[in-house]
Structure formats: structure tokens, C-alpha cells
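Visitor: I am new to this structure. Please take me through one part of it, slowly enough to follow.

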Amino acid sequence: MLRLERPFFSRATLQVARELLGQRLVRLEAGRRLAGYIVETEAYVGEDDLGCHAKAGRTPRTLPMYGQPGLVYVYFTYGMHWMLNFVTERVDFPAAVLIRAIFPSEGIAAFARRRAPRPRSLWADGPAKICQALAIDGQMNKIDACDPQSLLFVEEGLKIPDSGVTIGPRVGLYSVPEPWKSIPWRFCVNNLPMVLRQQCTISAKPAPDGGDLSPSRS
DNA sequence: AGCACGATTAACT
DNA sequence: GTTAATCGTGCTC
């Protein structure tokens, strides 16, 4: 249960995005722990990255990305969805890692309450689904994930070897110009270790659909 | 003040 | 594969 501290986030965004794979995202809600292993991330790096919100410079919306590493950046999009990011690098340099998918591991009942009756493999396999499942919205914007009091943070989880990671272009950047549209700043875990699946199956009440958790889009 | 668009999802043909 | 839902943000007039 070792919480990731500020030095973890105070590094190159690509490295943070890669190393967040396999770590545990934890949300405390009414004294309960909801958690899942991070299996997909994307890096958004600086004002020059035209796929990054910070291309607009310092605005009310992008301000959190200019803050200290370890801050949470939550934003609203498509009129209905929230997205979760962790700020990286250093103060005054706008960069963050988008959490795109997790594998639910604790607080399954709470996940189910918000995501059932969908198949379990669809509970948190998208950035907006994670926020729905973990009750994350704009109220969590700008909180510090490295504050011991924080209700949202990351814990040390599993080591994912390079052989278990697929790297590719970021998703959903339709009108972003090259090279930003295709630059391979997305990191995915290919498939979870068997240990994890068993653990997850046991803790689940209804029969899970057992499918593998590879991120859907590619 | 008005506009185009979005780091998506779910439902549909 | 296609499309509606739905509204904050940043930009232009």
C-alpha cells in the first residue's frame, strides 16, 4: 500500500505514463476503497503538443497542468464526460498523463452500482467510464494526489515488463495536425497477469464475463 | 454574443 | 461503421 509520491510524477511525462501501467488507482469514498490497476495511459506534453489542451496556453481550464506534479487534472468534455489526468514534470511546464483504462480490483460492489448491468469488462475500459465508476468529477480538479489526505491517489502495484506493453498513437485526436496526431504517446498493457484475474474473479459476486482486458480501441 | 469543436460513450443500422 | 447526446471552452466578430 505504498502511495506514489511527488518524485514519481516529477519526471518526463512519457516515462510517467509508461510507469503508471500496473499501478493501482485508488479512490476513497465514504470510507470505502475503490481501486483498479491502470492498464492504459496517454501522455500530453507542453504547449507545443497540439493534441494537448495546453496548446491554448495558460487558461482557467489548463491552469492545473501548470501546477506542481502530482496534481489531479479533471476536465469536462462532449457535454457529458469527465476525464482524469495526473500532472507531471514541473511547475510552469504544462503536461499530464490521461488515465484511459483500469482493471477493477477493489470495491467491486461500488463499481457494479454505477456500471452494471454492463459486462464487467466494460466497467472501466475508457477514460469517462473510469470517472463514472469512481465518482470523479470537476470537484476533484486540482486536488493533490500526493497529499496524504487526498481521496484520490495512486499506489505501487505491479511491474509490467516491456514485453507486456503496447505503444501506439493517442486516441480521438481527429482534427489535430501531424505529427501530434500519430505520435506514439499511448501506453497499453497487453494482458493482465493470471494472478490478477483470479483475484478479481474471486472477489466478484456475479459471474464475470471473464474477457481479457486489453483496451478496446486500437 | 455567437460559433465550432471536443483526450467519449452508447445505441443503432 | 454511423450517429446523437450535450455543454464548457477558447476563439472570432
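Visitor: Let us look closely at the surface near DNA strand B. How far does a backbone N or O atom of Gly 51 lie from a base nitrogen of DNA strand B?

Guide: That distance is 3.5 Å. It is a polar contact, meaning a pair of N or O atoms within 3.5 Å; within protein, one must be able to donate a hydrogen and the other to accept it, and residues adjacent in sequence count only if both atoms are side-chain atoms. This is a predicted model: local features need pLDDT of at least 70, side-chain atom pairs count only at pLDDT 80 or more, and totals for chains, interfaces and linings use all residues. Side-chain values use heavy atoms, without hydrogens and water, residues are numbered from 1 along each chain as written, and chains are lettered from A and ligands numbered from 1 in written order.

Now the phosphates. An N or O atom in the side chain of His 53 is 2.4 Å from a phosphate oxygen of DNA strand B. Ala 128 uses a backbone N or O atom, 3.0 Å from a phosphate oxygen of that strand.

Step back to the whole surface. It has 23 residues around DNA strand B; near means that a heavy atom of the residue lies within 4 Å of the strand. His 53, Tyr 75, His 81, Asn 85 and Ser 175 come nearest. Of the DNA strand B atoms within 4 Å of the protein, 56% belong to sugar or phosphate. The rest belong to bases.

Which elements contribute? Strand 3 (72–77), strand 4 (81–87), strand 5 (95–106) and helix 4 (127–133) each supply at least two residues. Helices (H or I, at least four residues) and strands (E, at least two) are DSSP runs, numbered from the N terminus.
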